[in-house]
Amino acid sequence: MIELSGVTKRYGPNTVVNSVSLTIPGGGVNALVGPNGAGKSTLLSMIGRLLPLDEGEIRVDGLDVSRTAGNVLAKKLSILRQENQVAVRLTVKELVEFGRFPHSQGRLTAEDSRHVEEAIEFLELTELSGRPINRLSGGQRQRAFIAMVLCQDTDYVLLDEPLNNLDMRHASQTMGVIRRLATELNKTIVIVLHDVNFASYHADRVVAMKDGAIVADGAPGEIITGPSLTEIYDLEVPVHSYADRPVAAYFAIGSRPVPNRNANHRPPTKAVLATDH
Amino acid sequence: MQAMSTRRGPRPAPGRIRDTALLGLALVSLTVVSAWSLFIGVSDINVSDLLQADSSKMLLFVESRVPRLAAILLSGSAMGVVGLIMQSLVRNRFVAPTTAGTVDAASLGLVVATIWFAGVSVFLKMTIAVIFALAGTALFMTLVQRLRYADIIVVPLIGIMLGGVIQAAATFLALRYDLLQSLSAWTNGDFSGILRGRYELLYLVGAMTVAAYLFANRFTLAGMGRDVAVNLGVNYHRVLYGGMALAASVSAVVVVVVGGIPFLGLVVPNLVTMAMGDNLRRVLPVTAVSGAFFVLVCDIVSRTIRFPYEIPVGTVVGVVGGAIFLALLLRSRFNAG
């Protein structure tokens, strides 16, 4: 279980994350959505102890992330940021092997090697395992990094926009793999997603952020509705239904601002109001 | 192609066999050339002299030839490894002790030690040089971290400029205290003065090179950036500053005993990583052997090109290393990363 209470992050005069409290019980795909600058990535980085908190507390299975030793947390949760270093010339296999570092400190045991093989197979990278990661396509590289994180074998996996810069095919493949991590391997996934439609189809829970706060939290069917999306993104989005799931047809609209709206007025039309747990 | 093979793996992977073969080949060539180098010099010594225990020739052999070889091997391997570590930690292929202000700071330290601590032991002078090298490297790191655009060219440029400023200070002091000749000896490496009793500090450098190997995986991870390193439970800042401190200390000791060896920390690691990738656990041993080999060959050239006179090895390394470096720059593979 991941528990956040009163988590705040400031950059100078700007409060990027403002006293967020949230509980994520184990299991499932939990999607963080919201407009640019809402604080999703900052929040995720704080959970993954890549950024220090200014206020509040984050616990992962009872461990305080700001106080627990790095190598202890590395066996409990893993985090993958958007910008991954690609200038480093490691092969896919070497990269994935480094995922075992928290367990083996670099001296791989037979069990470590089994994890490496499985992770490479799970992400269908067997044929590419000897290729340097700087010579992979964006999608392949993203899969290699996910394999590294999978190899780390943590209960909690945090992913920051893993579908960025991927084409239709690679984005859907990657999201499919992430879904399987939760379904088949019982991982708890927390994922920042830009495209609400991926959240609609693959997430079990959608948490929407805006201006550093959680503004909606619920099942995809509750959050991906016209009024709720209007509230989150300040944009009227037609929502259709396809294969029993809501699909936001946002690409069909231009940048029409919402009429008669001022910043301070928030009608209670959203599905579930954010509450402090 | 694999870095960390299994302890009980069913079969060694082909990449590992290739690595071992490469390292073996490098070691064999190093041994052969090392043995040869022992018999090059003004005084003609051959194997039969040693077998006959010719006392004067034996003395020369033990007092001069063997120490010189040991100094070459220790400093060459260490400077190669140190360059490799700096390139990984700063994540820039052009960063080396000579392009980060480290070597210049160490020689400034030596000037200061010679002027104001003239009576102290060599060990204390070395300590002062190490402190200066650490401070110079720390200053470089601070400057680089403040850069808004840490461009691949701008970073070493800053280091070279910083080195230039430090060197100017050293030259100024040396000029006022009549130490210019000593300064030029420290900045231009030379093995001709190496005798028994005057190179043993380099064993420290050997020990630090071995220590670097033990932390090779952490250096690789730190080279992938803070986020990846922290995610895998590595104390990023400790590894970054620890590694840079190790690099600065090694460079300073080499400057004290031998003098500056230009391009070595730049050219050798780049050649090795181009062929073998950036996994330090894999490439560090080959880099060490190649660094030693490179310096040894340059030293032999410096001893034979004007025989019976010698030119400083730093000059030969500068010419050869500079040529290799230019060739590297002009190759597209280097630019492509």
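This is a short selection-by-selection tour of a predicted model with chains A and B.

**Stop 1: the mixed sheet of chain A**

Start by colouring the strands β6, β7, β8, β3, β9 and β10 of chain A; in that order, these 6 strands make an open sheet with mixed pairing. Look at the two ends next: β6 (77-80) and β10 (213-218) each have a single partner strand, so one side of each is left without a neighbour in the sheet. Viewed from the face, neighbouring strands are turned by 15° against each other on average, ignoring direction.

Now zoom in on β3 (residues 28-33) and β9 (residues 205-210) of chain A, a parallel pair held by 4 bridges. To see one of these bridges, select A:Asn30, whose partner in β9(A) is A:Arg205. Then show helix α10 (residues 226-233) of chain A, which packs on this sheet and touches β3, β9 and β10. The direction of α10 makes about 40° with that of β9(A).

**Stop 2: the edge strand β6**

Which strand does β6(A) run parallel to? Select residues 156-160 of chain A: this is β7, joined to β6(A) by 4 bridges. A:Ser78 makes a handy marker, since its bridge partner in β7(A) is A:Val157.

Show the side chains of β6(A) as well. In a regular strand, side chains alternate between the two faces of the sheet. Here both faces are covered: A:Leu77 and A:Ile79 are buried on one side, while A:Ser78 and A:Leu80 are buried on the other.

**Stop 3: the antiparallel sheet of chain A**

Stay in chain A and select β2, β1, β4 and β5, which form an open sheet of 4 strands in that order, with antiparallel pairing. Its edge strands are β2 (14-24) and β5 (63-64), each pairing on one side only. The pairing of β4 (residues 55-60) with β5(A) consists of 2 bridges, and selecting A:Arg59 takes you to its partner A:Asp64 in β5(A). Add helix α1 (residues 40-47) of chain A, and you will see that α1 lies across β1 (2-11), β2 and β4, running at about 120° to β1(A).

**Stop 4: where the chains meet**

Bring chain B back into view. The contact involves 38 residues of chain A and 32 residues of chain B, and buries about 3000 Å², of which carbon and sulfur atoms give 53%. Select A:Arg89, A:Phe98 and A:Phe101: together they supply 25% of the area that chain A buries against chain B, more than any other three residues.

For the polar side of this interface, there are 3 salt bridges and 10 residue pairs in polar contact. One salt bridge to display joins the side chains of A:Glu94 and B:Arg282, with an N to O distance of 3.0 Å. Colouring by element, you will find that α2 (70-73), β6, α3 (92-98), α4 (101-104), α5 (110-122) and α6 (138-151) of chain A each bring at least two residues to the side that touches chain B. The largest share, 5 residues, comes from α3(A).

**Stop 5: a threonine in chain B**

Finish on B:Thr209, in helix α8 (residues 202-214) of chain B. Is B:Thr209 buried or exposed? Its relative accessibility is 11%, so B:Thr209 counts as buried. Show atoms around the side chain of B:Thr209: a polar atom there lies 2.8 Å from the backbone oxygen of B:Val205. Beyond residues up to four places away in sequence, B:Thr209 touches B:Ala78, B:Val81 and B:Leu284.

How values were computed
Residues numbered from 1 in each chain as written. Chains lettered and ligands numbered in written order. Predicted model: local features only at pLDDT ≥ 70, side-chain atom pairs only at ≥ 80, totals over all residues. Heavy atoms only, no water. Pairing = 2+ DSSP bridges. Axes fitted to C-alpha atoms, helices over the stretch in contact; angles between N-to-C directions. Contact = heavy atoms within 4.5 Å. Buried < 20%, exposed > 50% of the residue type's maximum accessible area, 1.4 Å probe, protein only. Polar contact = N/O pair within 3.5 Å; in protein donor to acceptor, adjacent residues only side chain to side chain. Buried area = accessible area lost by both parts, 1.4 Å probe. Salt bridge = Lys/Arg side-chain N within 4 Å of Asp/Glu carboxyl O.
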